[in-house]
Amino acid sequence: MNPYLCDMDFPFPQRKIIHVDMDAFYASVEQLDDPSLRGKAIAVGGGHRGVVAAASYEARKFGVRSAMPSKTARERCPHLIFVKPRFARYKEISSKIRSIFHEYTDLVEPLSLDEAYLDVTENKKDIESANDIAREIRKRIFEETGLTASAGISVNKFLAKVASDINKPNGQKTIHPTKIDEFLENLPIEKFYGVGKVTANRMHTLHIFKGSDLKAKSLDELEKLFGKSGRYYYNVVRGIHNGEVKPNRIQKSVAVERTFWDDIKEDEEIDQKLKSLSLELEERLGKKEIKGKTLTLKIKYQDFTLYTRSKTQESYFENAEKFYNTAKQLWELRPFDKAIRLLGLSLSNLNTEEKKQVSVQLKIPFAEFDD
Ligand SMILES: [Mg+2]
């Protein structure tokens with residue numbers, strides 16, 4: 001057993017993490033949709049000055065790699081077929097794959113359209129073995145999309161990510177807790193996730209070729225050599241990586257509100273508050289480049305009764321002035337003239353949401369009244 005994993009710092013019980021990675025995703029989608037491309041060396045991307053976004057396995061045999069300039073790719077593989085990317089199609093398949101993941105767990109952290117971490121320590125199907133889950137997921141992906149995926153399974157994201165590369169394509173690899181040390185000590189340094197080409201070359205000149213060479217270096221030494229990354233290398237070669245699987249939640253609204261020390265009632269005062277809330281909202285949105293089509297005014301009266309009124313428009317509310325003007329209109333529709341303890345403004349129907357949700361919410365009438 002790896003002694004570091006028994007450390008108090010390590011979250012107990014041990015996690016079960018899967019990294020799923022589609023095989024040559026963009027290229028495989030193109031070969032799936034156009035049978036004439038199957039079995040051929042193809043590269044997605046290109047153009048005269050472009051780069052390769054993805055290469056089929058047939059092209060990889062010739063040394064064609066993603067992020068390689070198209071010119072170099074063509075030199076290495078003169079019969080290479082360039083295909084234009086179709087991102088809408090990749091996204092469509094990607095969302096199919098994600099919904100398969102979510103049948104097992106909601107702790108899904110996508111890294112890109114074609115790979116994701118899953119925390120299956122507790123899973124919706126109560127399957128004990130993460131290895132079995134990975135096999136099932138890969139089978140489901142193949143049945144539903146016709147594409148193959150590879151998977152890595154272990155106790156943290158780092159190990160799962162490294163493992164998914166081992167039996168690629170169309171394979172999986174589990175690194176059991178008892179085998180972590182041995183596995184990492186023998187792993188070539190360029191296979192460590194987080195060690196790029198430049199760092200790998202640098203390590204080679206320092207005679208660090210595999211995990212055991214890296215492990216022989218002290219933390220001090222590594223920090224001197226690699227700065228902040230030093231500690232990361234020191235930890236991961238010992239199998240330590242405590243990053244959690246973080247699902248990307250879609251933000252549905254942005255809100256600002258103010259509770260008043262003394263309840264307010266005067267028109268002028270309320271007008272001032274609406275103005276400052278509008279400015280505050282604008283500032284909050286500006287930082288994140290978020291826009292929204294529904295503005296909601298929230299009023300909490302002295303007696304704690306709460307009212308919200310919304311306006312939804314076809315185009316995005318753009319700035320504080322628009323928020324303020326609309327907030328004023330909504331204010332005019334208030335049901336009571338009682339003293340107020342809280343005012344709030346929120347924007348929803350955001351440009352960050354799925355298109356589907358936006359179209360549903362567009363049906364909200366001009367001045368919705370709800371509590
Ligand atoms: Mg991939």
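This is a short talk on the charges, the metal site and some backbone features of one structure.

Good morning. A word of caution before we start. What you see is a predicted model.

Let's begin with the metal. Which residues coordinate the magnesium ion? They are D21, M22 and D114. D21 and D114 each use an OD atom, while M22 uses its O atom. The distances run from 2.1 to 2.4 Å. Now look at the sequence. The donor residues follow the spacing D-M-x91-D. So two donors sit side by side, and then a stretch of 91 residues comes before the last D. Are D21 and M22 buried or exposed? Both are buried.

Stay in that region for a moment. A24 lies in the loop between β1, residues 17-22, and α1, residues 25-33. A24 is buried, because its relative accessibility is 6% and the buried class ends at 20%. Its backbone deserves a look. Phi of A24 is near 40°, a positive value in a residue other than glycine. Most residues other than glycine have a negative phi.

There is another residue like this. H207 has a phi near 65°, again positive and again not a glycine. You will find H207 in the loop between α8, residues 197-205, and α9, residues 211-215. H207 is exposed, with a relative accessible area of 60%. So we have a positive phi at a buried residue, A24, and at an exposed one, H207.

One more backbone point. Where is the cis peptide bond? It joins K168 and P169, with omega about -5°. P169 is in the loop between α6, residues 157-164, and β8, residues 172-174. Most peptide bonds are trans.

Now to charge. Side chains of opposite charge can pair when their charged atoms come close. How many salt bridges does a search of the whole structure find? The count is 29. I'll show you three.

Start with K71 and E75. Their side chains meet at 3.7 Å, N to O. They are four residues apart in helix α3, which means about one helical turn separates them. Both ends of this pair are exposed: K71 has 60% relative accessibility, and E75 has 55%.

Next, E92 and R89. This salt bridge has an N to O distance of 3.5 Å. Both residues lie in helix α4, residues 87-102, and they are three residues apart, about one turn of the helix. E92 is partly exposed, at 44% relative accessibility. This pair also belongs to something wider. E30, D33, R86, R89 and E92 are linked in a network of salt bridges.

Then K217 and E221. Their closest N and O atoms are 3.8 Å apart. E221 counts as partly exposed, at 35%.

Some charges gather in patches on the surface. Which residues make the positive one? R60, R65, R76 and K197 do. R76 belongs to helix α3, residues 70-76. With 45% relative accessibility, R76 is partly exposed.

The negative patch is next. D262, D263, E266, D267, E268, E269 and E332 form it. Two elements give two or more residues each: β9, residues 253-264, and α12, residues 267-288. The largest share comes from α12, with three residues. E266 sits in the loop between β9 and α12. At 53% relative accessibility, E266 is exposed.

Last topic: residues apart in sequence and where they end up in space. Take A320 and S278. They are 42 residues apart in sequence, and their C-alpha atoms are 4.8 Å apart. A320 is in helix α13, residues 320-332. It is buried, with a relative accessibility of 9%.

Compare P335 and Y307. In sequence, 28 residues separate them, and the C-alpha to C-alpha distance is 8.3 Å. P335 is in the loop between α13 and β12, residues 340-350. At 33% relative accessibility, P335 is partly exposed.

To recap. The magnesium ion has D21, M22 and D114 as its donors. The whole structure has 29 salt bridges. There is a positive surface patch that includes R76, and a negative one that includes E266. And the K168 to P169 bond is cis. Thank you.

Key:
Residues numbered from 1 in each chain as written. Predicted model: local features only at pLDDT ≥ 70, side-chain atom pairs only at ≥ 80, totals over all residues. Heavy atoms only, no water. Patch = residues over 30% accessible without salt bridge, like charges linked within 9 Å, V, L, I, M, F, W, Y side chains within 5 Å. Areas by Shrake-Rupley, 256 points an atom, 1.4 Å probe, with all protein chains shown as cover. Salt bridge = Lys/Arg side-chain N within 4 Å of Asp/Glu carboxyl O. Lys, Arg positive; Asp, Glu negative; His and termini not counted. Charge placed at Lys NZ, Arg CZ, Asp CG, Glu CD. Buried < 20%, exposed > 50% of the residue type's maximum accessible area, 1.4 Å probe, protein only. Donors = N, O, S within 2.8 Å, 3.2 Å for Na, K, Ca; no water.
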